[in-house]
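Here's a quick tour of a few spots worth finding in the model. Have a look at the structure, then read on.

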Amino acid sequence: MALYWILIIAIMIVSLVVQQSLKRKFNKYSKVGLQIGLSGKEVAELMLRDNNIHDVSVVSVQGKLTDHYNPVDKTVNLSPEVYSGRSVMAAAVAAHECGHAIQHATAYRPLEMRSALVPLQNASGRVINFLFFALIFGSFMLPNFITFDAALPIIIGAYTIFTLFAFITLPVEYDATKRALAWVEERNITTGQEHGMAEDALNAAARTYVVAALSSLAMLLYYVSLFLGRD
């Protein structure tokens with residue numbers, strides 16, 4: 001059991017390092033002006049037109065690193081720095097999110113699988129929150145309300161969904177990055193050193209998903225080991 005805790009702590013440390021690395025690269029490449037001079041919004045709209053996608057809107061959303069594609073309302077949502085920015089980072093992130101829009105338009109199978117899992121993922125999150133609250137509350141107020149042994153199979157089921165979702169996300173993110181980098185190079189959005197920066201930034205973002213998947217798997221294995229140890 002100690003080995004599992006060491007693994008979980010190690011993954012947590014790696015996750016913090018990867019997140020900090022991403023933030024540093026975001027700040028660094030946000031200061032490097034794009035030679036072609038396009039904003040993130042303009043890059044996104046051009047990439048969508050080049051791929052014959054005319055029913056997706058490019059909008060600005062509040063926050064930092066909040067960029068995402070929403071398949072429900074078909075919007076490419078860009079943070080202010082990306083939406084209005086004319087930097088290498090803005091172009092790279094905007095193109096990456098449009099990569100998801102292209103996946104959606106072409107019925108990319110891993111994206112469809114991930115979208116199908118979203119309701120289960122959300123429901124599992126609510127169940128986990130309720131169970132942990134009930135276990136903590138019950139330990140003080142109602143000791144017989146719910147036991148950890150009774151909750152364990154449900155926790156394992158929820159973390160199975162989390163882990164499946166996290167691993168299906170990996171090909172979705174890496175494919176979007178691949179599409180983005182190929183397009184910005186072909187279209188001469190980035191040239192020479194700029195392209196290397198864009199690739200470095202997007203690969204750093206992709207690594208956060210790898211760490212998240214491994215973290216989810218580690219937690220699943222931890223709860224499974226508790227279940228098997230109990231039996």
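Helices here are DSSP runs of H or I with at least four residues, strands are runs of E with at least two, and both are numbered from the N terminus. This is a predicted model, where local features need pLDDT of at least 70, side-chain atom pairs count only at pLDDT 80 or more, and totals for chains, interfaces and linings use all residues. Residues are numbered from 1 along each chain as its sequence is written, and side-chain values use heavy atoms, with hydrogens and water left out.

Let's start with helix α6, which covers residues 148-186. The expected span of a helix is 1.5 Å times one less than its number of residues. For the 39 residues of α6 that gives 57 Å, and the end C-alpha atoms sit 56 Å apart, so the two agree.

Just after α6 comes Asn-188, with a positive phi of about 60°. It's found in the loop between α6 and α7 (193-230). Leu-65 also isn't a glycine, and its phi is positive too, near 60°.

How buried or exposed is Leu-65? Buried means under 20% relative accessible area, exposed over 50%, and partly exposed in between (1.4 Å probe, protein chains only). The table puts Leu-65 beside Ser-39.

| Residue | Loop | Relative accessible area |
|---|---|---|
| Leu-65 | between β1 (57-60) and β2 (68-70) | 38%, partly exposed |
| Ser-39 | between α1 (2-30) and α2 (40-50) | 6%, buried |

What does Ser-39 touch? Leaving out residues up to four places away in sequence, Ser-39 touches Tyr-83, Ser-84, Gly-85 and Arg-86, where contact means heavy atoms within 4.5 Å.
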